[in-house]
Amino acid sequence: MRSFFMIQINAKPKICFASPVLEGSFTQSESLNKRLSELFFDLEKQGYKNKTKLNTTLGNIFDSPGDLFSLTQYEDILEIRRLMNGALTSWILETSNWQKDDLNNLKFEFESWFHISRFGATKSLHDHGQCSWSMIYYVDAGDAPTVEFPRSGYLQIYDPRHIQQNPDDQGFFNLKAMFDYGGFAIRPNSGKFVIFPGYLEHEVVTYFGNRPRIMIALNCLIRKK
């Protein structure tokens with residue numbers, strides 16, 4: 001009689017089509033964040049404003065020009081630029097086959113700006129597909145979500161695969177996070193940063209806080225020198 005009990009499965013998981021997203025924070029950044037907030041309010045009063053109204057910017061948002069990191073006369077701008085660039089560079093090395101020395105042959109072009117969001121502010125669905133990487137840093141997360149508005153100010157990032165799952169098919173329900181689909185939401189916290197590929201569509205849920213919420217954003221385009 002034949003026995004099949006010696007046959008075993010030899011397999012390992014292969015993560016395909018993954019979008020590398022990093023969520024982290026700069027610890028002990030409270031003092032820097034306070035100084036940045038004061039600086040940004042001052043720049044707002046000075047009229048350092050994006051002259052082009054973006055069609056994704058809705059509600060009460062102050063939007064600076066995209067050259068924030070060029071304001072090298074401010075030490076706090078230099079410091080947050082160093083921190084954000086450092087986190088982004090480390091993540092690029094983590095997710096690619098490049099070595100640190102390889103980066104010397106590449107040119108990093110940054111677009112950087114800040115937002116001051118007040119009650120009713122939102123950013124509609126968009127992407128930054130012209131750049132490989134995008135990054136957000138929350139200088140001041142503003143007021144926390146409430147029972148009435150539990151997702152106030154959340155960053156919503158969507159799955160680029162646009163999967164249409166049959167609701168009667170339970171096979172894809174209750175997947176582990178690395179395999180899940182449909183996107184995910186990130187709650188802003190002061191000191192938190194998020195790095196994600198520019199091709200990912202995202203939006204900011206309407207902010208219903210009374211205290212201004214302040215964030216810095218950057219896009220990174222990498223070219224050969």
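Strand β3 (residues 61-63) pairs with β4 in the antiparallel sense over 3 bridges, where helices (H or I, at least four residues) and strands (E, at least two) are DSSP runs numbered from the N terminus, and two strands count as paired if DSSP finds at least two bridges between them. The model is a predicted one, in which local features need pLDDT of at least 70 and side-chain atom pairs count only at pLDDT 80 or more, while totals for chains, interfaces and linings use all residues. Residues are numbered from 1 along each chain as its sequence is written, and side-chain values use heavy atoms, with hydrogens and water left out.

Within the pairing of β3 and β4, the bridge partner of I61 is S117 in β4. Strand β4 is also joined to β11 by 12 bridges, and these two run antiparallel; here W113 has A217 in β11 as its bridge partner. Strands of a sheet pair through backbone hydrogen bonds, either parallel or antiparallel.

A further set of 5 strands forms an open sheet in the order β2-β5-β10-β7-β8, with antiparallel pairing. Its edge strands, each of which pairs on one side only, are β2 (57-58) and β8 (184-186). Inside this order, β5 and β10 pair in the antiparallel sense over 3 bridges, and A121 stands opposite Y207 in β10.

Several of these strands return in the lining of the empty spaces. On a 1 Å grid over the protein atoms alone, a cavity is a set of points where a 1.4 Å probe fits but cannot get out, whereas a pocket is an open set with protein on both sides within 12 Å along at least five of seven lines, and lining residues have an atom within 4 Å of a point. Grid points are joined across faces, edges and corners, and a volume is the space filled by probe spheres set on the points.

The structure holds 1 cavity of 30 Å³ or more, and about 40 Å³ of space lies in the largest cavity. Its lining is made up of I61, H115, S117, A121, T122, K123, V204, R213 and M215, so that the bridge partners I61 and S117 are both found there. The elements that give two or more residues to this lining are β4, β5 and β11, and the largest share, 3 residues, comes from β5.The second largest pocket, with about 360 Å³ of space, is lined by 25 residues, of which L54, W113, H115, K123 and H128 lie nearest its centre. Its lining has 10 nonpolar, 11 polar and 4 charged residues, where Ala, Val, Leu, Ile, Met, Phe, Trp, Tyr, Cys and Pro count as nonpolar, Asp, Glu, Lys and Arg as charged, and the others, Gly among them, as polar. The largest pocket has a volume of about 640 Å³, and S19, R161, A177, M178 and D180 are the closest to its centre among the 24 residues that line it.

Finally, the structure holds 0 disulfides, a disulfide being a pair of cysteine sulfur atoms within 2.5 Å. The sulfur of C220 is 7.4 Å from the closest cysteine sulfur, in C131, which is too far for a bond.
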